[in-house]
Amino acid sequence: MSDKIRLRFAPSPTGFLHIGSLRTVLYNYLIAKSLGGILFLRIEDTDSKREVEGAVEKLIEILDWVGIKFDEGPGSIRGTTNAAHPNENKDVGDYGPYIQSRRLDIYKKYTQELLAKGEAYPCFCTEERLIKMRADAEAMKKPPRYDRACRDLSKEEVAKRIAAGEKYVIRHKLPVAGEITVHDELRGDIKFNLVDLDDYVLIKSNGIPVYQFAVVVDDHLMETSHVVRADEWISSLPKNILLYKSFGWEAPKFIHLPLVLDKNGGKLSKRNNDVAVEDFRAKGYLPEALLNYNALLGWHPAGEKEIFSMDEAIAEFKYQDIGTSPAVFSAEKLDYLNGIYIRKKELPELIALCKPYLEENLKLTSNEHKKSDQFVGKVIALERERLKKLSEIGEHTKFFFVDNLSYDKAMLVWKKSTPESARASLEDLLKILEAIVDADWETEKIEEIVVKYIKDNNKGVGDYLWPMRVALTGEKASPSPFEMADVLGKSETIDKIKKAIAKL
């Protein structure tokens, strides 16, 4: 292994990007950049049964949206994500191909090397035999490991059976006794008994390598310096290290990240949680918030700081500071951070981000002014303080766009007041609002004038502001009636007050 710092994200094209995988690629990126290295993308697509059409393009698109940029990888990382298939694009980098299905000749070469060195062997055991072997082992309460029946076949026997057309796999010939010590950068040395390992399959009968073989060959040839993956792969680390030894290669450094659990202590799963980054995007989470929050799932910068940019994270990140205890995914904490990032947005950008979530609201009005960026901008500026997700803007602001509000007139009556009292309060408000000149029609001035009248006349605040709120929104909860009046404008405010009076 060279002194280069090279890390990789190597997903399978099996569908959506899991939120846990987002943390993995983020930590790879932070480690690579904090150490002055590069991050490359490798697509591990040798399991054709699990491959989802278009998944590679979708994966690259969502990572680009999040803001993770790769230095090397399939050609599609350079913005050609609309190509029919990434194989048609030229790779970026000198270590390709970066798609495993295009590396089969490479795997074949290294398979032959292992066979020639006696580090691997053909296994002709049928699936039926293996099933029976496992069942027998389980019946005797023994681990269902391969019994190495083909391990010591003679060269002549192997050649004869291959010539006869028997199907076979290639297995790794592992030591059968003793211990192996492997090293994880976060946990230190870990010992495994070799008797607990079996001669696992390297190459399937169709010539396709299994993950454990291809990943070692690829990481060596691509000069991967650090392998960052979930700690559920620790049990595979002895196999990986033994395969490096069989080739005579130096292994990279391994960093196993703690699991991300849900609030109930279980693994994040699609059954009980949103787990796809695409789902988070659809609900109106910002990429900056997703990255910021995922960075905190196992690592934290010095001090109490929780909000930081990617550049700030890179400057502070040390992989040695990653914890080993499981991290708990908190939707509430993500909402909190997302709200902060929403409020940090400049209004023109926030308007553009919110507009897709306002499409249904815009259909509720025939007033062209309400469809303008000017009006929409005032609505968003008022609501941004309450938003945790962009998707909330629709439900939070529906009453701004409804031309004719529908509500029960009883809602206009404040607590123990009466309909007659509510009507009188609205009639007073109507006179006050009609008298306000256009130049003074803004939140603070409207509030000042209305509240002064209430106090000067010893009236109850709720008796006036409650029916005013309901008249303008048709809801029990909303922004203050003064803010509503400001956004709606004088003409519509007065019109809605008149309609409320008519109801009573």
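Begin by selecting helix α14 (residues 373-383) together with helix α15 (residues 392-401), and show their side chains in this predicted model. On the α14 side the residues in the contact are Phe375, Val376, Val379, Ile380, Leu382 and Glu383, and they meet Ile393, His396, Thr397, Phe400 and Phe401 of α15. Sorted by class, this contact between α14 and α15 has eight nonpolar residues, two polar ones and one charged one.

Now hide the side chains and look at the two helices as axes. Two packed helices are described by the angle between their axes and by the distance between those axes. For α14 and α15 the angle is about 130 degrees and the axes are 11 Å apart. The two helices are therefore oblique to each other, since an angle counts as roughly antiparallel when it is over 145 degrees. The crossing of α14 and α15 is right-handed.

Next, select the three strands β3, β4 and β7, which form an open sheet in the order β3-β4-β7 with antiparallel pairing. The edges of this sheet are β3 (120-123) and β7 (201-203), each of which pairs on one side only. If you look along the sheet, neighbouring strands are turned against each other by 45 degrees on average, when direction is ignored. To follow one pairing in detail, keep β3 and β4 (residues 169-172) in view, where four bridges join the two strands in the antiparallel sense. One place to centre the view is Pro122, whose bridge partner in β4 is Ile170. Then add helix α3 (residues 104-117), which packs on the sheet and touches β3, β4 and β7, with its direction at about 100 degrees to that of β3.

From there, move to strands β8 (residues 226-230) and β9, which run parallel and are joined by five bridges. Here the residue to pick is Ala230, which has Leu257 as its bridge partner in β9. Is β9 (residues 253-257) enclosed or open? Four of its five residues are buried, so β9 is largely enclosed by the rest of the structure.

Finish at Asn292, which you will find in helix α9 (residues 287-295). Its relative accessibility is 2%, and Asn292 therefore counts as buried, the cut-off being under 20%. To see what surrounds Asn292, select Glu306, Ile307, Phe308, Leu337 and Tyr341, which are its contacts when neighbours within four places in sequence are left aside.

Notes: Residues numbered from 1 in each chain as written. Predicted model: local features only at pLDDT ≥ 70, side-chain atom pairs only at ≥ 80, totals over all residues. Heavy atoms only, no water. Axes fitted to C-alpha atoms, helices over the stretch in contact; angles between N-to-C directions. Parallel < 35°, antiparallel > 145°, perpendicular 65-115°, else oblique. Left-handed = near helix turned anticlockwise from the far one by under 90°. Contact = heavy atoms within 4.5 Å. Nonpolar A, V, L, I, M, F, W, Y, C, P; charged D, E, K, R; others polar. Pairing = 2+ DSSP bridges. Buried < 20%, exposed > 50% of the residue type's maximum accessible area, 1.4 Å probe, protein only.
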